[in-house]
Amino acid sequence: MGCSKLIAGMFTMLLLAPAVLATDPDPLQDFCMADLDGKTVSVNGHPCKPMSEAGDDFLFSSKLAKAGNTSTPNGSAVTELDVAEWPGTNTLGVSMNRVDFAPGGTNPPHIHPRATEIGIVMKGELLVGILGSLDSGNKLYSRVVRAGETFLIPRGLMHFQFNVGKTEASMVVSFNSQNPGIVFVPLTLFGSNPPIPTPVLTKALRVEAGVVELLKSKF
């Protein structure tokens, strides 16, 4: 009797629940060009434009053909090709970036919370570093990767690239997400909005408050 009441109650809740958008782990159509202006709320992508409005340009992009401007504080430039820049990737679970480096330039320590990354160095020599989790003893895995060679970064692990050569360098990376996300560690720690309280950082980093305030001023 108790089980019957439970089932009846659950069925009633389902009938009274508001309509929701469901998702499927695989695409349900050939293409789904993102309607970036769409107002429909979904949990794993943008709503699709009608195919009659999509044309065929959404299958192609030349954005990564041009090098970025490396005259930045980090000496590097990231050109993103995620769903916001290439709506054709919507629901397909893929995206790409190009990163260009001046000599001595770095792509500072960062994390992609939603994607594994695989990359190829197109030009130059890059020191690629991947930091394991506490389970691995915070081990640093690193190697100088040269033109034509590849590297792999598991989802969620902190990593960086640094141009160890005397000439410009570039790499192209792919992600298994249309929106891999990025958390730059220095910017997150010292440039968050609102700021992380200084006492938290002095304890965590084991430094004086003046050091923390100096670092915050840089971001």
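This passage walks through a predicted model of a single chain, from its overall make-up to an annotated site, its salt bridges and one helix.

Starting with the big picture, the chain is built from five helices and ten strands. It runs to 219 residues, and 30% of these count as buried. The contact pattern leans on long-range pairs: taking contacts between residues at least 6 apart in sequence, 67% join residues at least 24 apart. As for the outside, the chain exposes about 13,900 Å², with carbon and sulfur atoms supplying 61% of that area.

Next comes the annotated site. An unreviewed UniProt entry places the feature "binding site" at H110, H112, E117 and H159. These positions are spread over 50 residues of sequence, yet they cluster in space, with a largest C-alpha distance of 12.1 Å. Two of the annotated residues are worth a closer look.

H110 sits in strand β3, which covers residues 106-111. Its relative accessible area is just 2%, so H110 counts as buried, the cut-off being under 20%. Setting aside residues up to four places away in sequence, H110 touches L157, M158, H159, Q161, I182, V183, F184 and V185. That list takes in H159, itself one of the positions named in the UniProt record. The side chain of H110 also has a polar contact with the side chain of H112, at 3.5 Å.

E117 belongs to strand β4, spanning residues 117-123. Like H110, which is buried at 2%, E117 is buried, here with a relative accessible area of 3%. Once neighbours within four places in sequence are left out, the contacts of E117 are H112, F151, L152, I153, H159, Q161, V173, S174 and F175. The side chains of E117 and H112 make a polar contact too, at 3.2 Å. H112 therefore links up with both partners: its side chain has polar contacts with the side chains of H110 and E117, and all three positions carry the "binding site" annotation. H159 shows up on both contact lists as well, touching H110 and E117, as does Q161.

Moving on to charge pairs, side chains of opposite charge can pair when their charged atoms come close. The model has four salt bridges, and three of them are described here, beginning with E85 and K63. The closest N and O atoms of that pair are 2.7 Å apart. E85 is in the loop between β1 (76-81) and β2 (95-101), while K63 is in the loop between α2 (51-54) and β1, so the bridge links distant parts of the chain, 22 residues apart. Both ends are partly exposed, E85 at 40% relative accessibility and K63 at 33%.

Another salt bridge brings together the side chains of K123 and E168, at 4.0 Å from N to O. K123 is in strand β4 and E168 in the loop between β8 (158-163) and β9 (169-175), so this pair ties together parts that are 45 residues apart in sequence. K123 is partly exposed, with a relative accessible area of 39%, and E168 is partly exposed at 46%. Strand β4 thus holds K123 as well as the annotated E117, and these two differ in exposure: E117 is buried, whereas K123 is partly exposed.

A further bridge joins E125 and R146, whose closest N and O atoms are 2.9 Å apart. E125 lies in strand β5 (residues 125-131) and R146 in strand β6 (residues 140-146), so the two strands are tied together across 21 residues of sequence. E125 is partly exposed at 28%, and R146 is partly exposed at 41%.

The last stop is helix α4, residues 198-205, where T198, L201 and T202 are the buried residues. Viewed down the helix axis, they fall within an arc of 100°, so they line one face of α4. P199, K203 and A204, on the other side of the helix, are exposed. Cover for the buried residues of α4 comes from elements including α3 (185-190) and α5 (209-217). Just after α4 comes R206, with a positive phi near 60°.

Key. Residues numbered from 1 in each chain as written. Predicted model: local features only at pLDDT ≥ 70, side-chain atom pairs only at ≥ 80, totals over all residues. Heavy atoms only, no water. UniProt positions renumbered as here; feature names shortened; annotations may be inferred. Helix = DSSP H or I, 4+ residues; strand = E, 2+ residues; numbered from the N terminus. Buried < 20%, exposed > 50% of the residue type's maximum accessible area, 1.4 Å probe, protein only. Contact = heavy atoms within 4.5 Å. Polar contact = N/O pair within 3.5 Å; in protein donor to acceptor, adjacent residues only side chain to side chain. Arc of directions from axis to C-beta. Areas by Shrake-Rupley, 256 points an atom, 1.4 Å probe, with all protein chains shown as cover.
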